[in-house]
Amino acid sequence: MRLALDEAGRAARGGDVPVGAVVLAADGTTVLAAGHNEREATGDPTAHAEVLAVRRAAARLGEWRLAGCTLVVTLEPCTMCAGALVQSRVDRVVYGARDDKAGAAGSLWDVVRDRRLNHRPEVIEGVLAGECAALLTDFFRAR
């Protein structure tokens, strides 16, 4: 999560909402890819930290299936990102701060664990939640 927080800091310095993500290989320690929000920087509405990290991990592996991988992200994924995580077949999603307004991994929705879908990653929430939430609160308070 510390690496994801570093990525979130990069987003904030670039004027984007401070959300960062990393994808870990099946060994749980090798970082395959990282990403941070780049919507403002790129003008791309899909440039969320999770989507960018998943794209980069798939490119590195040469495979769209990220079976065995873990995505670590500072903020609970939204519906778009949750859908991308299901589609990429990650085994585990670890997130910091809950997103009661738009979260789709247990708070507002629970897309990643919807029994109607063919893949349901494990979800671990609340890792360094206070630090992750503070980064977002400070960012929006300054705006």
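## Exercises on a five-stranded sheet and its helices

Opposite Leu75 we find Ala97 of strand E4. Let's start from that pair and work outwards through this predicted model.

**Exercise 1. Work out how E3 and E4 pair, and how the chain gets from E3 to E4.**

Step 1: Begin with the matched residues. Besides Leu75 opposite Ala97, Val73 has Tyr95 of E4 opposite.

Step 2: Read off the direction. E3 and E4 are paired in the parallel sense, and five bridges hold this pairing.

Step 3: Follow the connection. Leaving E3, the chain passes through helix H4 (residues 79-88) and arrives at E4. This β-α-β crossover is right-handed.

**Exercise 2. Lay out the order of the strands in the sheet and find which strands stand at the edges.**

Step 1: Write down the order. The sheet is open, has five strands and reads E2-E1-E3-E4-E5, with mixed pairing.

Step 2: Look at the ends of that order. Strand E2 (31-36) and strand E5 (122-125) each have a single partner strand, so one side of each lacks a neighbour in the sheet.

Step 3: Add the twist. On average, and ignoring direction, neighbouring strands are turned by 15° against each other.

Step 4: Check that the pairing really is mixed by going through the neighbours.

- E1 (residues 20-24) and E2 run antiparallel, joined by five bridges; Ala21 has Gly35 in E2 as its bridge partner.
- E1 and E3 also run antiparallel, here with four bridges; Val22 has Val72 in E3 as its bridge partner.
- E4 and E5 pair in the parallel sense over four bridges, and Arg92 has Glu122 of E5 opposite.

**Exercise 3. Decide whether E3 and E4 are enclosed or open to the surroundings.**

Step 1: Take E3. Six of its six residues are buried, so E3 is largely enclosed by the rest of the structure.

Step 2: Take E4. Here five of the six residues are buried, so E4 too is largely enclosed.

Step 3: Zoom in on one residue. Thr74 sits in strand E3, and its relative accessible area is 2%, which means that Thr74 is buried.

Step 4: See what surrounds Thr74. Beyond its neighbours within four places in sequence, its contacts include Met1, Ala4, Leu5 and Ala8, as well as Gly96, Ala97 and Cys132.

**Exercise 4. Describe how H1 and H5 are placed relative to each other, and what their contact is made of.**

Step 1: Compare the axes. Those of helix H1 (residues 2-13) and helix H5 (residues 129-142) come within 11 Å and cross at roughly 5°.

Step 2: Classify the angle. Angles under 35 degrees count as roughly parallel, and H1 and H5 are therefore roughly parallel to each other.

Step 3: List the contact. H1 contributes Arg2, Leu5, Ala8, Gly9 and Ala12, while H5 contributes Glu131, Cys132, Leu135 and Phe139. Sorted by class, the contact has six nonpolar, one polar and two charged residues.

Step 4: Place H5 on the sheet. H5 lies across strand E3 (70-75) and strand E4 (92-97), and its direction makes an angle of about 60° with E4. Thr74 links this exercise with the previous one, since Leu5, Ala8 and Cys132 are among its contacts.

**Exercise 5. Are His119 and Val111 buried, partly exposed or exposed?**

Step 1: Locate them. His119 belongs to the loop between E4 and E5, and Val111 is found in the loop between E4 and E5 as well.

Step 2: Apply the cut-off. Buried means under 20% relative accessible area, and exposed means over 50%. His119 has 15% relative accessibility and therefore counts as buried. Val111 has 21%, so Val111 counts as partly exposed.

Step 3: Collect contacts, setting aside residues up to four places away in sequence. His119 is in contact with Leu85, Val86, Arg89, Val90, Asp91 and Val112. Val111 touches Thr79, Ala82, Gly83, Val86, Ala104 and Leu117.

Step 4: Set sequence separation beside distance in space, C-alpha to C-alpha. Val111 and Thr79 are 32 residues apart in sequence and 6.8 Å apart in space. For His119 and Tyr95, the values are 24 residues and 18 Å.

Conventions. Residues are numbered from 1 along each chain as its sequence is written. This is a predicted model: local features need pLDDT of at least 70, side-chain atom pairs count only at pLDDT 80 or more; totals for chains, interfaces and linings use all residues. Side-chain values use heavy atoms; hydrogens and water are left out. Axes are lines fitted to C-alpha atoms, for helices over the stretch in contact, and angles run from 0 to 180 degrees between N-to-C directions. Helices (H or I, at least four residues) and strands (E, at least two) are DSSP runs, numbered from the N terminus. Angles under 35 degrees count as roughly parallel, over 145 as roughly antiparallel, 65 to 115 as roughly perpendicular and the rest as oblique. Contact means heavy atoms within 4.5 Å. Ala, Val, Leu, Ile, Met, Phe, Trp, Tyr, Cys and Pro count as nonpolar, Asp, Glu, Lys and Arg as charged, and the others, Gly among them, as polar. Two strands pair if DSSP finds at least two bridges between them. Buried means under 20% relative accessible area, exposed over 50%, partly exposed in between (1.4 Å probe, protein chains only). A crossover is right-handed if, with the strands pointing away from the viewer, the path from the first strand over the helix to the second runs clockwise.
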